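Please work through the exercises below with the sequence and the model side by side, attempting each task before reading its solution.

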Amino acid sequence: MALSNEQIRLKEIITTGVAIDIFDAEESLSLSLYISGNAEKINDASFGSFFGSIQRYLDRQLILSTVKIFEKEGNRHKIKSIPSALKLMKNHANEIKILDRCNLNNSIEKLSIFDNQSEVKDVETTNNIANYFLEKIPKININKLKIVRDKRIAHHEHVVTDSIKSPTYNEIIELIDFAKEFLEIVGRPYTATAYKSDDGHNFLSSDAQRAKRCLKRLIGKFDDNLISEFQ
């Protein structure tokens with residue numbers, strides 16, 4: 001079955017935009033949290049300054065990647081974000097087909113996001129999904145991230161530091177979880193790309209943990225009195 005230009009665009013947004021940014025955000029988050037959780041061990045081994053610098057870069061990458069996932073599309077430039085995907089789905093529901101209806105119905109039933117769609121036409125289901133995510137999107141957390149991105153990372157604005165409330169890790173995790181739910185619902189049914197197995201295994205999350213597993217082995221050597229290998 002030949003895909004419409006709109007469906008090809010949707011696949012491009014998800015596979016080469018949203019999915020990559022979710023991976024980058026999860027990788028940065030897992031590494032930063034692991035460094036925080038092992039701060040005492042790191043400091044005792046005299047690597048506090050090094051890992052402190054690494055963590056600052058990780059947190060910046062975490063914010064940048066997460067904001068990109070939720071960036072709204074302007075009139076001049078096409079971007080690859082969840083709002084762009086939802087806009088495309090709503091404006092071109094007639095041209096976007098459901099490629100795997102069975103998988104979509106299973107995901108909808110598992111997450112209990114709305115009534116069974118098995119007897120509903122593709123156009124209506126696509127609109128229902130777009131409306132569901134547009135209504136559920138965590139706008140407050142997104143706004144917090146954008147303020148930090150715009151005033152602290154992208155630009156050094158002259159602002160009162162205390163006036164900028166940084167988002168917590170839990171607030172960022174909420175955004176990432178939302179994005180992963182979007183991929184679970186939209187990914188395979190609309191782009192024929194699976195991001196989660198039938199048993200619940202999330203492929204992106206698993207891949208994003210690889211760097212942390214390497215870091216865990218490295219920091220584990222501190223306990224083995226092998227610090228001299230890295231000095």
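The exercises go from the whole chain to one helix, a cavity, single residues and the cysteines.

This is a predicted model, in which local features need pLDDT of at least 70 and side-chain atom pairs count only at pLDDT 80 or more, while totals for chains, interfaces and linings use all residues. Residues are numbered from 1 along each chain as its sequence is written, and side-chain values use heavy atoms, with hydrogens and water left out.

**Exercise 1. The chain as a whole**

Task: Describe the secondary structure and the burial of the protein chain.

Solution: Begin with the elements, where helices (H or I, at least four residues) and strands (E, at least two) are DSSP runs numbered from the N terminus. The protein chain has 10 helices and 0 strands. Next take burial, for which a residue is buried under 20% relative accessible area, exposed over 50% and partly exposed in between, with a 1.4 Å probe and protein chains only. By this measure 42% of the 231 residues of the protein chain are buried. Finally turn to contacts, meaning heavy atoms within 4.5 Å: among those in the protein chain between residues at least 6 apart in sequence, 73% join residues at least 24 apart.

**Exercise 2. Helix α4**

Task: Explain why helix α4 counts as largely enclosed by the rest of the structure.

Solution: First count the buried positions: 7 of the 10 residues of α4 (residues 82-91) are buried, so the helix is largely enclosed. Then name them, which gives Ile-82, Pro-83, Ser-84, Ala-85, Leu-86, Leu-88 and Met-89. Last, look for the cover over these residues, which includes α1 (5-37), α3 (48-69), α6 (122-136) and α8 (169-191).

**Exercise 3. The largest cavity**

Task: Determine which residues line the largest cavity, and how they divide by character.

Solution: A cavity is a set of points, on a 1 Å grid over the protein atoms alone, where a 1.4 Å probe fits but cannot get out, and its lining residues have an atom within 4 Å of a point. The lining of the largest cavity consists of Lys-180, Leu-183, Glu-184, Tyr-195, Lys-196, Asn-202 and Leu-204. Sorting these residues gives 3 nonpolar, 1 polar and 3 charged. With 3 residues, α8 gives the most to this lining.

**Exercise 4. Three residues compared with their surroundings**

Task: For Leu-62, Asn-103 and Glu-12, decide whether each is buried, partly exposed or exposed, and then list its contacts.

Solution: Start with Leu-62 in helix α3, which is buried because its relative accessible area is 1%. Not counting residues up to four places away in sequence, Leu-62 touches Ala-25, Ser-28, Leu-29, Tyr-169, Ile-172 and Ile-176. Asn-103, in helix α5 (residues 101-111), is also buried, at 12% relative accessibility, and with the neighbours up to four places away set aside Asn-103 touches Glu-184, Arg-188 and Pro-189. Glu-12 in helix α1 is partly exposed at 36%, and beyond its neighbours within four places in sequence Glu-12 is in contact with Gly-17 and Lys-80. The C-alpha atoms of Glu-12 and Thr-191 are separated by 8.7 Å, although these residues lie 179 residues apart along the chain.

**Exercise 5. The cysteines**

Task: State how many disulfides the structure holds, and classify Cys-102 and Cys-214 by accessibility.

Solution: Taking a disulfide as a pair of cysteine sulfur atoms within 2.5 Å, the structure holds 0. Cys-102 counts as exposed because its relative accessibility is 54%, whereas Cys-214, at 41%, is partly exposed.

Conventions. 1 Å grid on protein atoms, 1.4 Å probe; cavity = no way out; pocket = protein on both sides within 12 Å on 5 of 7 lines; lining within 4 Å. Nonpolar A, V, L, I, M, F, W, Y, C, P; charged D, E, K, R; others polar.
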